[in-house]
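Visitor: I should like to learn how to read the features of a model such as this one. Could we go through them in turn?

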Amino acid sequence: MEVARGAEEQHPVRRPALFLDRDGTINGDRPDYVKSLAEFHFLPGAFAAMKRLAALDLPLIVVTNQSQIGQGITPEHVIREINDYLVREIEAHGGRITDIYVCPHAPWEGCGCRKPKPGLLLRASEEHHIDLSRSYMVGDRVSDVAAAMAAGCRCVFISPGMSPPAEVVSMNPEVIVRDLGEASEYLEQVIGSMSL
Ligand SMILES: [Zn+2]
């Protein structure tokens, strides 16, 4: 007897995800870009936060602007090497990264994937069957909040300073926290109470 494939099987139910900015959120940022493994370091508490997030049954997807590729500052293979290291170290500390999406374009190329544009989030939502309206973006830049809003995601803004930029406050992110550790505690609560 032949069993017809159900519609759900062909179009799996979309699920929420967590999108994470990289530089300034998981690892330290630099004004002149993180150009090598030597310039890459995890922020304090990042491993513990990633382990906490890994316990949530959601895809954890890094979305990062790396215009240094398009600007010819750093070759793409070096960025890949840094991202591989990021994943390995997080896994070694009990966390996980489901996927990493990189915008390699220079600002002047006018691509649709450089945050604040939502292209990386939209591509990930197609490839990982993500329900953007129930997903969160975690980041420390105005462009992260803008990308989240443009994609229809909720937003956790990381503001390590005393007060967040007025521009961010006016965009009304769901919550403003001090670091990824606080973000993970918040997400644990809200995702935990969400019916997945
Ligand atoms: Zn791009």
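Guide: Let us begin with solvent exposure. G192 is exposed, because its relative accessible area is 59%, and exposed means over 50%. This glycine belongs to helix α8 (residues 180–192). Please bear in mind throughout that the model is predicted.

Visitor: How far apart are the C-alpha atoms of G192 and E109?

Guide: The separation between these two C-alpha atoms is 40 Å, while along the chain G192 and E109 are 83 residues apart.

Visitor: Is G152 buried, partly exposed or exposed?

Guide: The intermediate class runs between the 20% and 50% limits. G152 is partly exposed because its relative accessibility is 40%. This residue is found in the loop between α6 and β5. From G152 to R134 the C-alpha distance is 8.7 Å, with their positions 18 residues apart in sequence.

Visitor: Let us turn to the strands. How should one read the two faces of a strand?

Guide: In a regular strand, side chains alternate between the two faces of the sheet. In β2, L60, V62 and T64 point one way, and I61, V63 and N65 point the other way. Six of the six residues of β2 are buried.

Visitor: Which residues of strand β4 lie on each side?

Guide: Strand β4 (residues 136–139) has Y136 and V138 on one side, with M137 and G139 on the other. These four residues are all buried, so both faces of the strand are covered.

Visitor: Which strands pair with one another, and in what sense?

Guide: Strand β1 (residues 18–20) runs parallel to β2, and three bridges join the two. β1 also pairs with β4 in the parallel sense, over three bridges. L18 illustrates both pairings: this leucine stands opposite L60 in β2 and opposite Y136 in β4. β4 in turn pairs with strand β5 (residues 154–158), again in the parallel sense, over four bridges. In that pairing G139 stands opposite F157 of β5.

Visitor: Next, the metal site. Which atoms coordinate the zinc ion?

Guide: The donors are SG of C103, ND1 of H105, SG of C111 and SG of C113, at 2.1 to 2.2 Å. Their spacing in sequence is C-x1-H-x5-C-x1-C. Within this set, C103 and C113 are ten residues apart and link distant parts of the chain: C103 is in strand β3 (residues 99–103), whereas C113 is in the loop between β3 and α5 (119–127).

Visitor: Why is the geometry of the site of the zinc ion classed as tetrahedral?

Guide: Four donors count as tetrahedral if all angles lie between 85 and 135 degrees. The angles among the four donor atoms here are 100 to 116 degrees, so the site is tetrahedral.

Visitor: Are C103 and C113 buried or exposed?

Guide: The cut-off for buried is under 20% relative accessible area. C103 is buried because its value is 1%, and C113 counts as buried because its value is 11%.

Visitor: Finally, the largest pocket. How many residues line the largest pocket, and which lie nearest its centre?

Guide: The lining of the largest pocket has 17 residues, and D23, D29, Y33, N65 and R141 lie nearest the centre. The space in this pocket is about 300 Å³. β2 (60–65) and α6 (142–151) each supply at least two residues of the lining.

Visitor: How do the residues of that lining divide by character?

Guide: Nine are charged, five are polar and three are nonpolar.

Terms used: Residues numbered from 1 in each chain as written. Predicted model: local features only at pLDDT ≥ 70, side-chain atom pairs only at ≥ 80, totals over all residues. Heavy atoms only, no water. 1 Å grid on protein atoms, 1.4 Å probe; cavity = no way out; pocket = protein on both sides within 12 Å on 5 of 7 lines; lining within 4 Å. Points joined across faces, edges and corners; volume = space filled by probe spheres on them. Nonpolar A, V, L, I, M, F, W, Y, C, P; charged D, E, K, R; others polar. Donors = N, O, S within 2.8 Å, 3.2 Å for Na, K, Ca; no water. Tetrahedral: all angles 85-135°; square planar, octahedral: opposite > 155°, others 65-115°. Buried < 20%, exposed > 50% of the residue type's maximum accessible area, 1.4 Å probe, protein only. Pairing = 2+ DSSP bridges.
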